[in-house]
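Colleague: I should be grateful for a close look at one helix of this chain and its surroundings. Please carry the account onward from there to whatever else deserves attention.

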Amino acid sequence: ENAAQSAIDYRVSPALPQRQCGLHLARALPREVTLLSANMVPAGGTAPAHCRVVGVIAPEVRFEVALPATWNRRIYMRGNGGYAGEDLEAPVRVAQRDAALKNGFVAAQTNTGHDARSEPLGAFAVSAQKTIDYTFRAVHETAVAAKRLARAYYQRPAAYSYFDGCSTGGRQGLMSAQRFPGDFDGIVVGAPVLNFTDTMIWF
């Protein structure tokens, strides 16, 4: 929201798309990533025109990467809340994506590997794989996919990448800093859930 007050107006972009938006972008990704769609979305509301890519990282990590028509060479990834599993089309997620796109960011998000509608609260945790994906893997793999897609689409690498999250998102940010320090150049952490056992007892 304060982009115009920055010492350097990072919204002025040196990078424009060099490739068409389409499923061919999957060539930039490893085999365990399947693209479900890659479509141009016209400008509307507060969001500029962008290439919206939706995919699955095996086994069940859904992700979205939105690539704006004018890129500031930065990637912004928003963390999750609670037990995650949010629909990528949830209004709050769309609003966060559109705000990032408005300022020229590539916007990335993930459901962390499960669907909260069919596996509410912590029901997914009976699966070791889903627990790992929720805990740290989904954020890392989505960040990697976002960087690869951006490089393929614009034919330039990202200059910087950022993560922003509160509560579960705060924990995700700290886990990323600890396990994959090269994923993000900046991490904003709010109210991180650090001790799940004590938090559940408190509830």
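**Helix H1 and its surroundings**

Modeller: Helix H1 is followed by Gly104, a residue whose phi is positive, near 90°. Please bear in mind throughout that this is a predicted model.

The helix itself comprises 12 residues, 91-102. At 1.5 Å a residue it should span 16 Å, and its end C-alpha atoms are indeed 16 Å apart, so the expected and modelled lengths agree. Its buried residues are Arg93, Val94, Arg97, Asp98, Ala100 and Leu101. Because these residues cover an arc of only 160° around the axis, they lie on the same side of H1. The face turned away from that buried side carries Pro91, Val92 and Lys102, which are exposed. As for what lies over the buried residues of H1, the cover includes strands S2 (50-57), S3 (61-68), S4 (74-78) and S5 (106-110).

Two residues in these strands illustrate the surroundings. Ala107 lies in strand S5, and its relative accessibility is 4%, so Ala107 counts as buried, the limit being under 20%. Setting aside neighbours within four places in sequence, Ala107 is in contact with Arg97 and Ala100, and also with Glu64, Val65, Ala66 and Tyr76. Arg97 and Ala100 are among the buried residues of H1. Ile75 is 32 residues from Ala107 along the chain, yet their C-alpha atoms are separated by 6.1 Å.

Val53 lies in strand S2. A relative accessible area of 0% is why Val53 is described as buried. With neighbours within four places again left aside, the contacts of Val53 are Leu25, Leu35, Ser37, Ala38, Phe63, Glu64, Val65, Leu67 and Leu149. Glu64 and Val65 thus appear in the contacts of Val53 and in those of Ala107. Phe63 stands 10 residues from Val53 in sequence, with 8.3 Å between the C-alpha atoms. The loop between S2 and S3 holds Pro59, which is joined to Ala58 by a cis peptide bond with omega of about 5°.

Beyond S5, the loop between S5 and H2 contains Thr112. Thr112 has a positive phi of about 70° although it is not a glycine. With a relative accessible area of 1%, Thr112 is buried.

That loop leads to the pairing of helices H2 (residues 128-154) and H3 (residues 168-179), which pack at an angle of about 65° with their axes 9 Å apart. The two helices are therefore roughly perpendicular to each other, and H2 passes H3 in a right-handed crossing. On the H2 side, Tyr134, Thr135, Phe136 and Val139 meet Thr168, Arg171, Gln172, Met175, Ser176 and Arg179 of H3.

Helix H3 has 12 residues and reaches 16 Å from its first C-alpha to its last, close to the 16 Å expected. Its buried residues are Thr168, Gly169, Gly170, Arg171, Gln172, Gly173, Met175 and Ser176. Their cover includes H2, strand S6 (160-166), strand S7 (186-190) and helix H4 (196-202). Ser167 is found in the loop between S6 and H3. Like Thr112, which has a positive phi, Ser167 has a positive phi, near 65°, without being a glycine. Ser167 counts as partly exposed at 25% relative accessibility, whereas Thr112 is buried.

How values were computed. Residues are numbered from 1 along each chain as its sequence is written. This is a predicted model: local features need pLDDT of at least 70, side-chain atom pairs count only at pLDDT 80 or more; totals for chains, interfaces and linings use all residues. Side-chain values use heavy atoms; hydrogens and water are left out. Helices (H or I, at least four residues) and strands (E, at least two) are DSSP runs, numbered from the N terminus. The expected span of a helix is 1.5 Å times one less than its number of residues. Buried means under 20% relative accessible area, exposed over 50%, partly exposed in between (1.4 Å probe, protein chains only). The arc is that of the directions from the helix axis to the C-beta atoms. Contact means heavy atoms within 4.5 Å. Axes are lines fitted to C-alpha atoms, for helices over the stretch in contact, and angles run from 0 to 180 degrees between N-to-C directions. Angles under 35 degrees count as roughly parallel, over 145 as roughly antiparallel, 65 to 115 as roughly perpendicular and the rest as oblique. A crossing is left-handed if the near helix is turned anticlockwise from the far one by less than a right angle, and right-handed if clockwise.
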